[in-house]
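Let's take a look around a protein model, one piece at a time. Keep the structure open while you read, so you can find each spot for yourself.

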Amino acid sequence: MGLVLSFLIITVVSTIATPLLQIKGRAILVYITIILNSLITCIPAVEALSGYSSEVILPGAYPFGDIPLRIDPLAGWFIIIINLIFALGGFYGIFYLKNYSAQKHNIALHGIFFILLHASLLAITMLQNSVAFIIAWEIMTISAFITIIFDHNKPDTVKAGINFLIQSHISVLFLVLGFIWAASKTGSYDFKSITDYTVQNRGATSMVLFLCFAAGFAIKAGFVPFHTWLPHAHPVAPAHISGMMSGIIIKIGIFGLLRMITVISSDYLTIGYIILSLSVISGLYGVMLAIIQHNLKKLLAYHSIENIGIIGIGIGLGCIGLGKANNYLAVLGFAGALLHTLNHALFKSLLFYTAGNVYQSTHTMNIERLGGIIKSMPHTAMLFILAAMAICGLPPFNGFVSEFIIYAGLYSWLQDAHLAELIIIIFSVLGLVMIGGLAILCFTKASGMVFLGSPREELSHKPVEVSSSQLIPLYITGALIIAIGLFPQLFLKILASPVEALAGTPMIIATDILD
């Protein structure tokens, strides 16, 4: 209870105090708030990942009941990812926004909603009362909207922000429908009551309820055909917000999908086939659209759809493993999905931050106007290429490890597959292979056109490297990308509890394949 009160007090006091300070003081206060809230929530998160889940019951009011805060291994894993990306991205954002110091009111508002965005994302992972969950989800949506439209003097920015807001509320509509349905049948807003209800009604009822929630979370995650907000919002947001949108905000949709898998008892085999099909389509669609983009940040946005597809393939395999009582498949699927969630948060945020460096130095994101930037921005170029190799799944970087685990899951499924399943496996493997191959093609083109060769157009001023301070979080992110690629067993051990919670079996077999 003490940690909860500290979290609330720090968040409220900081949001009130932020607009009262000068620009430098605001930046320091916002970042200190992010770090303090991260430390407070990481304590129970680490305990949960060690196998010691925690629960706090906040007193509620009629008719919504008490509000349980539960930090289990799944919540713990996402809390760690959220805090890590916000700590790195927040530090980068301090220096990125220095170029906008004249927009004092914009920066004050941005700082307030940056704090609220972080706090609401953390709250979503912990809250298991549906009314409180929806309130936190709405705060997250509004906060993300305000941070996206930071540069609101541009019509395209406002248009993309409104598009995001509208589609986010369609997502909320599906979630509210699901929660109201469950509450009307159980008389409770606690997630545990949803589990009890679906255990007793494991037919079409539980399936339709799951699909209702899945549609809501799929919109936030950016699965095809629910992805249309994503390619518009990413390019117009500030670089640090783009990194967090791709690294964290779309992942909260993945968290919601995984949470419903643990909460709703249903036909996991059918659910797995649905998720797997949508994911392969999302991965291929995202990478194919990325190849034809001329705006660097829009190219990266479509690669977010691609990687959501890869994560979804892992989730689909995990659900199929549950439905077939194939523990090996379930463990490998969920382990690959959860690890790729972290991996994508790292390399995609690094790609957006380096793209932000290029934009600040050249004032354009049109890759056909760029070229030869590696000569004047060697650190940015090296970090971009490192992240590009990671997102393409090349060893010895982190993307290779999680994709390898997902491949291992697909191959393990072959052992007991009948003809229809064999066809699905073949198309899934081919889809994953094509995703990887097209990603290499896309980033070879992007890296070559932006950083190599000679400038294609004469820019108004010569590009220069960003400050060393702005590069610090980028190098830390790059070091983590390499560390996961070189020492995957260490990170898979951390994943043992979340995977066991999803798959219902210890994760020993997943770590064995990497020894």
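Here is a short tour of helix packing, a salt bridge, and the empty spaces in this predicted model.

## Two helices side by side

Two packed helices are described by the angle between their axes and the distance between the axes. Try that with helix α3 (residues 73-96) and helix α13 (residues 327-362): their axes come within 11 Å and cross at roughly 10 degrees. Angles under 35 degrees count as roughly parallel, so α3 and α13 are roughly parallel to each other.

Who does the touching? On the α3 side, the contact is made by L74, W77, F78, I81, L84, I85, G89, Y92 and Y96. Across from them, α13 brings a list that includes L338, L339, L342, A345, L346, Y353 and Y359. Sort the residues of this contact by class and you get 15 nonpolar, six polar and no charged.

## Two helices head to tail

Now find helix α14 (residues 378-391) and helix α16 (residues 419-451). They pack at an angle of about 175 degrees, with their axes 10 Å apart. Are they roughly parallel or roughly antiparallel? Angles over 145 degrees count as roughly antiparallel, so that is the label for α14 and α16.

In this contact, T380, A381, F384, I385, A388 and I391 of α14 meet F443, S447 and F451 of α16. The class count here is seven nonpolar, two polar and no charged.

## A tie across the sequence

How many salt bridges does a search of the whole structure find? The search turns up six. In one of them, the side chains of E55 and K192 meet, with 4.0 Å from N to O.

Check where those two residues sit. E55 lies in strand β1 (residues 54-61) and K192 in helix α7 (residues 191-200), so the pair ties together parts that are 137 residues apart in sequence.

## A closed-off space

Rolling a probe the size of a water molecule over the atoms shows where empty space is left. The structure holds one cavity of 30 Å³ or more, and about 30 Å³ of space lies in the largest cavity.

Which residues line the largest cavity? They are F78, I81, I82, I248, K251 and I252. Helices α3 and α10 (239-263) are the elements that give two or more residues to this lining. You've already met F78 and I81, which also take part in the contact of α3 with α13. By class, the lining has five nonpolar, no polar and one charged residues.

## Two open pockets

The largest pocket holds about 620 Å³ of space. Its lining is made of 28 residues, and F7, L8, L69, A123 and M126 lie nearest the centre. Several elements each supply at least two lining residues, among them α2 (23-49), β1, β2 (65-71) and α4 (104-126). Helix α1 gives the most, with six residues. The lining divides into 22 nonpolar, four polar and two charged residues.

The second largest pocket has a volume of about 510 Å³. It is lined by 24 residues, with K154, T157, P235, V236 and A237 nearest its centre. Here α6 (155-186), α9 (230-236), α12 (296-323) and α13 each supply at least two residues. What does this lining look like by class? It has twelve nonpolar, six polar and six charged residues.

Methods: Residues numbered from 1 in each chain as written. Predicted model: local features only at pLDDT ≥ 70, side-chain atom pairs only at ≥ 80, totals over all residues. Heavy atoms only, no water. Axes fitted to C-alpha atoms, helices over the stretch in contact; angles between N-to-C directions. Helix = DSSP H or I, 4+ residues; strand = E, 2+ residues; numbered from the N terminus. Parallel < 35°, antiparallel > 145°, perpendicular 65-115°, else oblique. Contact = heavy atoms within 4.5 Å. Nonpolar A, V, L, I, M, F, W, Y, C, P; charged D, E, K, R; others polar. 1 Å grid on protein atoms, 1.4 Å probe; cavity = no way out; pocket = protein on both sides within 12 Å on 5 of 7 lines; lining within 4 Å. Points joined across faces, edges and corners; volume = space filled by probe spheres on them.
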